[in-house]
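Visitor: I'm new to reading protein models. Could you walk me through this one?

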Amino acid sequence: MEILYVLIPLGIVLVAIAGGILVWAVGSGQYDDLDAQQRRMPD
Amino acid sequence: MIDEQTATGAHGAPYAVYDRPELRDSVSSPAPGGQREVLLGVDGMHCAACVGRIERLLAGRASDVGTSLTSRTLQFRFDPQREPLSALLQSLDDAGFGPQVLAQDAGLRAQRDERRRMLARIGVAVICAMQVMMLAWPSYTSDAEVDAGIAQLLRWAQAVVATPGVLYAGWPFFRGAWLALRERAVNMDVTVAASVAIAYGASLLRTVIGEGEIYYDTATMFVMLLLIGRFVESRTRVQAGERLRRLAGRRRLTAQRESAQGIETVPLSAVAVGDTMLVAPGESVPVDGALLDAAAELDEALLTGESQAVVRRGGERLLAGSLNLGQQGLRMRAESVGAATRLAQITQLLQHAQGERPRFQLLADRLAGAFILTVLALALAGAALWWPDADKSLSVMLAVLVASCPCALSLAIPAATAAAASRLAALGVLTARPEALARLPQVDTVLFDKTGTLTRAELRIAQVETLAEPDEAECLAIAAALERGLAHPIARAFAKLPETRSASAQKQVPGRGVEGVVDGHRYSLGVPADAMTWTTDTAVDTVIELRDERRALARIRLATVVREDAADTIVALLNAGIEVELLTGDGEQAAAALARRLGIRKVHARQTPEQKLARLQALQQEGHVVLAVGDGINDAPFLAAADVSAAMPQGAALAQSRADLLLVGDSLAALMPARQIARQAQRRIRENVTWALAYNLGVLPLAMMGWLAPWMAALGMSLSSLLVVANALRLRVPRSPAAEPLNYLEAH
């Protein structure tokens with residue numbers, strides 16, 4: 001089970017990346033107005 | 001853009017700009033005794049305990065302090081001789097309540113940033129809580145089989161993942177708790193921060209030592225659930241606040257001034273009494289003042305609710321906010337500016353009324369503090385009970401803190417009101433302030449405005465009486481051609497007629513009518529030759545006369561339209577035992593005629609906004625729960641002060657921003673079903689609150705006895721929250737098929 005010593009830190013790195021992307025996406029305003037998106041014309 | 005810079009409230013901003021004399025009048029208004037009154041938006045004021053802190057902060061420095069948790073606003077009077085406004089704003093900022101001066105529109109950006117930060121925190125909290133739970137799983141299921149080295153690895157992994165979930169996502173709780181403690185006060189944030197800090201701190205210590213129970217899962221899950229609850233709860237408030245701020249942002253900021261150098265555009269705040277102003281066609285009047293032209297036609301619907309054009313003669317007073325309906329610009333002399341205009345006075349009046357609304361707030365204030373102190377005492381008592389055993393006493397303390405957190409309680413009301421709001425939206429009723437649903441079933445008196453509410457805002461051609469050879473169709477076609485393209489309310493009555501003729505040399509004569517050439521003949525349409533001017537009393541039908549060069553051709557009678565559903569709604573309300581009253585700015589004759597037609601017995605005519613408000617408050621003093629329905633700015637103060645208020649969709653934006661319910665379906669008939677849905681919602685809320693309280697009280701002794709591990713308390717809290725949400729969602733399913741036509745069709 002020694003492989004866990006690699007896999008668990010690797011998992012944490014992946015989670016950190018996912019969390020970072022989420023924070024960036026929220027910060028760039030993609031979630032600002034969810035109600036308006038369904039009414040927008042595709043462009 | 002300039003406003004955004006001057007109003008960046010939140011962090012260490014120079015508030016001194018608000019002391020400058022040129023901004024003084026748009027920020028505050030004069031009050032008796034040399035004092036000034038100001039209204040602020042306040043971020044970071046989320047609970048009754050915060051309200052108490054603000055009041056203590058301002059005690060002795062400001063008088064008549066009023067707060068509204070509903071719209072997050074704060075109002076007070078201060079003495080500029082003793083302490084400038086900037087000092088008060090600065091100390092509010094220092095205490096963590098970033099004040100926003102409401103005439104500016106920077107609030108919108110601050111709110112958007114706040115929402116983004118909140119969403120990012122929730123996202124991080126969810127990711128971290130899920131990961132920590134996954135990593136904690138082996139210690140619950142197969143503790144004995146896990147190799148010691150792997151177990152320690154899992155501990156450290158949890159510590160790493162839990163850190164952002166506690167420190168970043170949970171930051172608002174720590175900050176709130178610190179700010180409260182610094183003021184020697186307690187709020188909900190204190191218990192939350194204490195339990196999260198204890199769980200995280202103890203776990204970190206034990207991770208370093210390498211043995212003992214760890215509670216990272218409890219800490220992260222707790223933060224996640226609380227953040228979500230707070231977000232759901234704040235969203236509806238934010239939406240209501242946004243409307244108000246957008247409206248403030250849309251206000252006119254510049255005006256056209258005539259001076260020796262010619263016409264210049266100046267900021268509204270620079271307009272001084274005595275300046276000569278120009279108002280272009282279709283534009284709104286910037287300040288109160290006297291008309292310098294011979295005559296002008298104006299739309300004062302925004303201020304008085306009067307939908308008909310109003311004719312003003314030279315020297316008469318024009319009100320800021322009314323629209324120039326004429327074809328040409330008008331000239332006026334400024335007489336009252338800034339906070340002294342009628343529009344600003346009405347706005348101030350309604351903000352005052354709004355601030356006074358929450359009657360239950362004082363009680364909540366006292367209860368919140370007592371509840372929190374009890375919980376902290378119980379947690380310490382639980383710990384003391386098990387003291388010699390440090391492990392056990394820590395776990396009991398955590399379990400008590402977590403179990404006593406009213407998570408389900410905090411979701412019980414927002415979840416049910418959100419579900420009810422989505423049912424109401426299907427009926428054409430938008431719920432701007434969900435708290436109103438609680439009061440809707442108790443309503444025993446309904447106050448209606450007349451114009452625009454019981455009657456429609458537009459005129460209708462009721463009758464055409466021909467006086468010469470051209471027949472009715474011919475006369476109407478000529479009239480329609482003359483009125484085409486004009487913004488006047490009378491012109492709108494003709495807008496629906498087919499376009500068969502066209503007019504040239506159209507000319508609008510204020511207070512008289514229009515003239516123009518159709519098929520080579522000159523016609524005029526307007527005040528009958530035997531009348532001085534047409535009546536603007538909406539009661540009496542408006543009669544206009546079509547003339548050619550020589551004689552009158554036809555008389556056209558224009559009538560106001562009563563809403564089709566008004567009579568039925570009033571009968572239904574009266575049958576349900578609800579009193580109905582009519583309050584209108586119109587004359588007695590008009591009001592009485594309409595009331596007779598609709599079966600309303602109590603009528604108050606010629607009401608000013610102040611009188612409407614006084615009547616409402618008198619009813620409330622007698623213990624009545626009042627629903628107010630209106631549409632104009634003149635209705636806004638009484639809408640704001642009513643227990644429940646509803647606004648019509650075509651009304652003034654300011655009135656709408658003050659209403660609890662917005663009748664977007666443009667129909668009064670939705671009022672009765674809305675009451676029914678609100679009643680169901682109340683039942684769900686009662687069930688939810690009962691359950692949540694029973695759960696919290698039932699689990700507390702178990703936690704104190706040490707029978708409940710912290711993770712069980714956290715899990716129980718989540719399940720309890722889910723149950724409450726599921727119960728609330730039952731509201732979205734209509735109960736009786738007959739009430740919902742669509743379901744009825746599907747069933748057959």
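Visitor: How many bridges join strand β10 of chain B to β11(B)?

Guide: Sure, but first: this is a predicted model, where local features need pLDDT of at least 70, side-chain atom pairs count only at pLDDT 80 or more, and totals for chains, interfaces and linings use all residues. Residues are numbered from 1 along each chain as its sequence is written, with chains lettered from A and ligands numbered from 1 in the order in which they are written. Strands are DSSP runs of E with at least two residues, helices are runs of H or I with at least four, and both are numbered from the N terminus. β10 covers residues 295-299 and runs antiparallel to β11(B), and the bridges joining them number four.

Visitor: Which strands are at the edges of that sheet in chain B?

Guide: The open sheet has three strands in the order β11-β10-β13, paired antiparallel. Two strands pair if DSSP finds at least two bridges between them. An edge strand pairs on one side only, and that fits β11 (310-313) and β13 (323-324) of chain B.

Visitor: Which residue in β11(B) stands opposite A295(B)?

Guide: A295(B) lies in β10, which spans residues 295-299 of chain B. Opposite A295(B) stands R313(B).

Visitor: Why is α7(B) called oblique to α8(B)?

Guide: Axes are lines fitted to C-alpha atoms, for helices over the stretch in contact, and angles run from 0 to 180 degrees between N-to-C directions. The axes of α7 (residues 171-182) and α8 (residues 188-209) of chain B come within 8 Å and cross at roughly 120°. Under 35 degrees counts as roughly parallel, over 145 as roughly antiparallel, 65 to 115 as roughly perpendicular, and the rest as oblique. That crossing angle therefore makes α7(B) and α8(B) oblique.

Visitor: How does α1 of chain A lie against α6 of chain B, roughly parallel or roughly antiparallel?

Guide: α1(A) (residues 4-27) and α6(B) (residues 148-168) pack at about 10°, with axes 11 Å apart. Because of that angle, they count as roughly parallel.

Visitor: How many nonpolar residues are in the contact of α1(A) with α6(B)?

Guide: Residues are in contact if their C-beta atoms, placed from the backbone, lie within 7 Å. Among those involved are I8(A) and V15(A) of α1(A), and L153(B) and V160(B) of α6(B). Ala, Val, Leu, Ile, Met, Phe, Trp, Tyr, Cys and Pro count as nonpolar, Asp, Glu, Lys and Arg as charged, and the others, Gly among them, as polar. The contact has no polar and no charged residues, and the nonpolar count is 10.

Definitions and conventions. Contact = placed C-beta atoms within 7 Å.
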